[in-house]
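Q: Could you take a close look at one part of this protein for me, the place where the small molecule and the metal are held? I would like to see how the pieces around it fit together, and then how the rest of the chain looks.

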Amino acid sequence: MSPANKPALEVPVIDVSVLLKNADEASPEDLKICADELKAAVSSIGVFRISGHGISNEDQTDASDAVKSLFNVSEAEKHRLSVKANNIKSAAVARGYIGIGEESGSHRVEVKEGFSMGYRWDAVEAGFTPKPMGTKTRPVPETLNALQAVNVWPTEDHLDLQSRISMDSLFEHMTRVSQALVRGFSMAMGEEAGYLTPYCKGGENISLLRLFHYFPYSQYKSDQSVDVERIGSSPHTDWGFLTLIMEPGIGGLEVFHDGEWNTVPPVPGTLVCNVGDYFSMLTNGKFVSPLHKVVTGDEERYSIVYFYYPGYNSHIPQQTCSQDQEVPSSIRDGLKSYSLVTDQSANGADLDQSESITLDDVPFGTYIARKWEQVAR
Ligand SMILES: O=C(O)CCC(=O)C(=O)O
Ligand SMILES: [Fe+2]
């Protein structure tokens, strides 16, 4: 899985526990140290590892076990929950099961199955009484926006309740970690710690947790006469704000840096974090949205990926550049390869044919909703 001929990227491990403390308990010096570390990481490779995230080893194990249980349900139950079989056209609101080859960011077949879930609206999950993380009431809005949907789950005959509770708790943990990171990133942008928080209000109820089960490539048999190219996850940049990845200690994630693909060596217990295109664009590319892919070859791999979004209607101001902060042309050129502004539909351009980018005068949710249209296959 980690080809010997590829260099291993030195990904910094950043302890973010200070960001998770109450404001009156966090020392300004420690906050500054953390923000400086975040700034150094996102201004160079755009990816780092998080320790001190507060997700216990036990909760991580429970989540990994739950993912395996979820992909172990019968084919009939997967079909019942299938995004494709249920004719859900927009992957933005897709909740449920995604089969092998049913989603791709390129012309390749991504040899993985997935499951997509989001925010848990209490009112519509009648019968699911346990409240994993607290007592908040979350009535479902009368009108859902283009990124909001109600979760679907295997029945209790197929998936034990504890697995479902573990996934819901993980979603909430990931949200808390992301909200803490937003404070750190605000400082890394040179603003007050609270700068980005109002823009992120409500972001958790459009954010997504996606579970993946990557198969050995040999498991995908093409029915076409010309064989297809296989991959775990196509080269792409993430479109949104920030992404958190919980992955097993077997590697598979690769990041393009300094003109070549690098492996990202596993560090058990940490989460990977990377900056998304939208956030990168706000900073005029000063925060790097890294090009990455998943290469699994002959290995089986599971991962849990949380896409954290700001509020649907947010329009976060793009940072202004003063003369001395002129964005270097190397960064400007890099912006052209954002997945957010390329067409990833089946007949669309691959990453190297992108058009110039602009931050249109549209709110965040509009960007993301139209992107999700392009990856369903
Ligand atoms: O599975 C992983 O480790 C990462 C997947 C990924 O990059 C994505 O879904 O955007
Ligand atoms: Fe990604």
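A: Let's start with the polar contacts to ligand 1 in this predicted model. A polar side-chain atom of H236 lies 2.9 Å from an oxygen atom of ligand 1. D238 also brings a polar side-chain atom to an oxygen atom of ligand 1, at 3.1 Å, and for H292 the corresponding distance is 3.1 Å. On its own, ligand 1 would expose 300 Å², and the protein buries 95% of that.

The surroundings of ligand 1 take in further residues. Going along the chain, they are F212, Y214, H236, D238, I245, H292, V294, R301, S303, V305 and F307.

Now for the metal. The iron ion (ligand 2) has H236 (NE2), D238 (OD) and H292 (NE2) as its protein donors, lying 2.1 Å from it. Read along the chain, these donors of the iron ion follow the spacing H-x1-D-x53-H. D238 sits in the loop between β8 (233-236) and β9 (242-246), while H292 belongs to strand β13 (residues 292-294), so this pair ties together parts that are 54 residues apart in sequence. So H236, D238 and H292 appear twice in this picture: they are the protein donors of the iron ion, and they are also listed among the residues around ligand 1.

How covered are these donors? D238 has 4% relative accessibility, below the 20% cut-off, so it counts as buried. H292 is buried too, with a relative accessible area of 5%.

Next, let's turn to a helix elsewhere in the chain. Helix α5 runs over residues 161-188. At 1.5 Å a residue, its 28 residues should span 40 Å, and the end C-alpha atoms are indeed 40 Å apart, so the two values agree. Most of α5 is covered, with 22 of its 28 residues buried. After the helix comes G190, whose phi is positive, near 90°.

Within α5 you will find S166. Its relative accessibility is 11%, so S166 counts as buried. Once neighbours within four places in sequence are set aside, S166 is in contact with D62, A63 and A66.

S17 offers another serine to look at, and you can find it in helix α1 (residues 17-20). At 31% relative accessibility, S17 counts as partly exposed. The side chain of S17 makes a polar contact with the side chain of D15, at 2.7 Å. Not counting residues up to four places away in sequence, S17 touches S51 and G52. There is also a link to make with α5 here: L181 falls within residues 161-188, and the C-alpha atoms of S17 and L181 are separated by 9.9 Å although the two are 164 residues apart along the chain.

Finally, here is the whole protein as a backdrop. It has 8 helices and 14 strands. Of its 377 residues, 53% are buried. Among contacts with a separation of 6 or more, 79% come from residues 24 or more positions apart. The protein exposes about 16600 Å², and carbon and sulfur atoms supply 49% of that area.

Notes. Residues numbered from 1 in each chain as written. Chains lettered and ligands numbered in written order. Predicted model: local features only at pLDDT ≥ 70, side-chain atom pairs only at ≥ 80, totals over all residues. Heavy atoms only, no water. Helix = DSSP H or I, 4+ residues; strand = E, 2+ residues; numbered from the N terminus. Buried < 20%, exposed > 50% of the residue type's maximum accessible area, 1.4 Å probe, protein only. Contact = heavy atoms within 4.5 Å. Donors = N, O, S within 2.8 Å, 3.2 Å for Na, K, Ca; no water. Expected span 1.5 Å × (residues − 1). Near = heavy atom within 4 Å. Polar contact = N/O pair within 3.5 Å; in protein donor to acceptor, adjacent residues only side chain to side chain. Areas by Shrake-Rupley, 256 points an atom, 1.4 Å probe, with all protein chains shown as cover.
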